[in-house]
Every structure is written in structure tokens, then in C-alpha cells.
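Here are my notes on this entry, set out as numbered points. Please read them with the coordinates open.

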Amino acid sequence: MICFPIAKINLGLNIVERRPDGYHNLETVFYPVPIHDSLEVFPMSPEFPSDFDCDLKVTNISIEGDEQRNLVVRAYQLLKDEFPSLPRLHAHLWKGIPTQAGMGGGSSDCSYMLQLLNDAFQLGLNKQQLIERAAHLGADCPFFIIGKPAYAEGIGERLQPIDLNLSDFYIAIVRPDIPVPTREAFSLIHPHQPKKNCREVVQQPVETWRDELVNDFEQSVFALHPEIGQIKERLYQSGAVYAAMSGSGSAVFGLFREKTDIGSLFPNDFTYCGSMNAEGFSISVE
């Protein structure tokens, strides 16, 4: 059983207020992009000597920390507590989505794990029930259950589908080898109300976004890591109609009218360039 968790970008990201619980309320538009991980699960033999009900192995891109504390394992355990009949499983996560990049790789992985287990073992959860369980794992996890463009409020868990189609564009993504921890990024933010809500801006022609669609993290992250800000400027110099940092960084994306080769511009960084055609964004469980 295999599925292919997708990545996301943020089209605008405004931090509007600090909450009493220490989190921040935000406004953003999530948009799926065709970079993915691969998550495969298969039943564990009863005789297999494992201390875990879900034995996870991560390959291709290393992830800091204990693999058994990964969100994929937490998603399994969340459903195992509710559905004790879930069998013990091996899980293999091949990482194609760069980490600490603001592209939601970990959130996508665990959300797809919920969907894969629900489908494969016929747990009978509907989409809303999956969204509710995903919210227990992370603020942006519910988006990956929906998998379509959505406007988000609260800490990212309150979603409204939005009519937005960027299939005529190509996207270029550059992720330098500069991790930006989410906690660090939020510690430097000064919450404020934006001049214009990002939901309104993305309904305008993309050519107008450069002056109006803002990621509030850019000011502080670019000050700490000027190289990330320079990537944004180089994407504009290469012809991007719009460029921005995704989430709290460090990946920077550009939207282009024509496909462009950016690999030669950033030979030492993770790069991707491909169509924004949304046909490949649906859930796939095989």
C-alpha cells in the first residue's frame, strides 16, 4: 500500500495576533505543488521482533530526531487508539519534500497516513472526521486532507476552499541548505493586521501580487539569512511574475509564465521547476 504526500506553498502569510495560549493567529492561502514524498506501509509479521506497532524507516533525506517520534507514527498511533484492530505495520517514508522549508512535508506525511490507513483497513471515517483527527497532529495538517487551494485562519486549521487555478504557470522552487526552525521564525514576528487580506489579493491578476501579497516572515528571516532574500531577487531577475518565501522558510518559490532552468543558477541548492497543473494533486493509494 503506497501513497504520495504532496507539498504546499503559502500565497501570502500574515501573522495577525498572538493568542493567550502562545500560538499565533494567521491568514494565508495554501496551494498544493507537485513535489511529493512516497509513503508505503505493509503488515508486520507476527514473528517480527519489534518493540513498535509501527516500525518506520525514513530514506533519501535525513530527518533529525527519533524516527519513532515522527508524525507518521503518531498518525498511526492516533488511529490505533481508536481502532485497536489495526495491525502492526512496517512503514517506509521516502522523502522528496525538503525539510524545514515551509512546504509542509511532515504535516502532509501524517495526513496521508491517516487517509491511507482509513482506506486500506476500511475504518469508515469520512473526510470531516479525518480533518478533525489531522488537526490533533498539526495546525496545517487538515489542508492535506482537502488537498485543494484553501484560505486558512486561526493557527491554520480553519479552512475555506478557494477558487484559484494556477495551472497556466510554472513553479520554480529553491531550498538553500539553511534550516529555519519554526520556533525561531515565530519569535521574531510582530503581529499586525495586513493592509489587504491575502484571500482578496490572490483573486487579482498574478502580476499585481508582487506589491500586495506579503509573507510576514520574510522581513525577519531575510535579516538573519540574507542569502534567502537574494534567492527571491534572483528569481525575479530570471523572469518570475511573483516570488516569495513559503511559510516560515527557507524555501523560496517563483511563478513563471514559461518553464525556466534554475538549476544552473543555484547549483548547490535543492531546486525544482515544473508545471502547476493540478491534475496530479489528488490522493493516490495503490
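1. How many bridges join strand 4 to strand 6, and do the two strands run parallel or antiparallel? There are six bridges between strand 4 (residues 38-43) and strand 6 (residues 89-94), and the two run antiparallel. The bridge partner of leucine 39 in strand 6 is leucine 93. Please bear in mind throughout that this is a predicted model.

2. The sheet around this pair is open and has four strands in the order 1-4-6-5, with mixed pairing. Its edges are strand 1 (2-3) and strand 5, each of which pairs on one side only. Strand 1 is joined to strand 4 by two bridges, and this pair is antiparallel. Within that pairing, cysteine 3 stands opposite leucine 39 in strand 4. Leucine 39 thus appears in two pairings, with cysteine 3 and with leucine 93.

3. At the other edge, strand 5 (residues 54-59) pairs with strand 6 in the parallel sense, over six bridges. Here leucine 56 has alanine 91 of strand 6 as its bridge partner. The connection deserves a look: the chain passes from strand 5 through helix 1 to strand 6, and this β-α-β crossover is left-handed. I would ask the authors to comment on the handedness.

4. Two residues of helix 1 can be set side by side. Alanine 75 belongs to helix 1 (residues 71-82) and is buried, with a relative accessible area of 0%. Leaving aside residues up to four places away in sequence, alanine 75 touches Cys110, Met113, Leu114 and Leu137. Its C-alpha atom is separated by 28 Å from that of phenylalanine 270, which lies 195 residues away along the chain.

5. Lysine 80 is also in helix 1. Is lysine 80 buried or exposed? The relative accessible area of lysine 80 is 16%, so it counts as buried, the cut-off being under 20%. Beyond residues up to four places away in sequence, lysine 80 has contacts with Asp53 and Leu86. The C-alpha atoms of lysine 80 and proline 149 are 30 Å apart, with their positions 69 residues apart along the chain.

6. Two backbone angles should be checked. Most residues other than glycine have a negative phi. Asparagine 60 is not a glycine, yet its phi is positive, near 80°. Asparagine 60 sits in the loop between strand 5 and helix 1, and at 51% relative accessibility it counts as exposed. The loop that holds asparagine 60 is therefore on the path of the left-handed crossover described in point 3.

7. Glutamine 100 is the other case: its phi is positive, about 45°, although the residue is not a glycine. Its place is the loop between strand 6 and helix 2 (105-120). With a relative accessible area of 37%, glutamine 100 is partly exposed.

8. Strand 11 (residues 252-256) is mostly covered, with five of its five residues buried. Which of its residues point one way and which the other? Val252, Gly254 and Phe256 point one way, while Phe253 and Leu255 point the other way, and all are buried.

9. Strand 11 has pairings with two further strands. With strand 9 (residues 170-175) it forms five bridges in an antiparallel arrangement, and tyrosine 170 stands opposite phenylalanine 256. With strand 10 (residues 242-245) it forms four bridges, also in the antiparallel sense; there, alanine 244 stands opposite phenylalanine 253. Strands 10 and 11 make a hairpin with six residues between the strands, where glycine 247 takes a positive phi near 55°.

10. The last point concerns the second largest pocket, which holds about 210 Å³ of space. It is lined by 14 residues, and those closest to its centre are Pro194, Lys195, Lys196, Glu212 and Val214. Helix 6 (198-201) and helix 7 (209-212) each contribute at least two lining residues. What is the make-up of the lining in nonpolar, polar and charged residues? Five are nonpolar, four polar and five charged.

Key. Residues are numbered from 1 along each chain as its sequence is written. This is a predicted model: local features need pLDDT of at least 70, side-chain atom pairs count only at pLDDT 80 or more; totals for chains, interfaces and linings use all residues. Side-chain values use heavy atoms; hydrogens and water are left out. On a 1 Å grid over the protein atoms alone, a cavity is a set of points where a 1.4 Å probe fits but cannot get out, and a pocket is an open set with protein on both sides within 12 Å along at least five of seven lines; lining residues have an atom within 4 Å of a point. Grid points are joined across faces, edges and corners, and a volume is the space filled by probe spheres set on the points. Ala, Val, Leu, Ile, Met, Phe, Trp, Tyr, Cys and Pro count as nonpolar, Asp, Glu, Lys and Arg as charged, and the others, Gly among them, as polar. Buried means under 20% relative accessible area, exposed over 50%, partly exposed in between (1.4 Å probe, protein chains only). Contact means heavy atoms within 4.5 Å. Two strands pair if DSSP finds at least two bridges between them. A crossover is right-handed if, with the strands pointing away from the viewer, the path from the first strand over the helix to the second runs clockwise.
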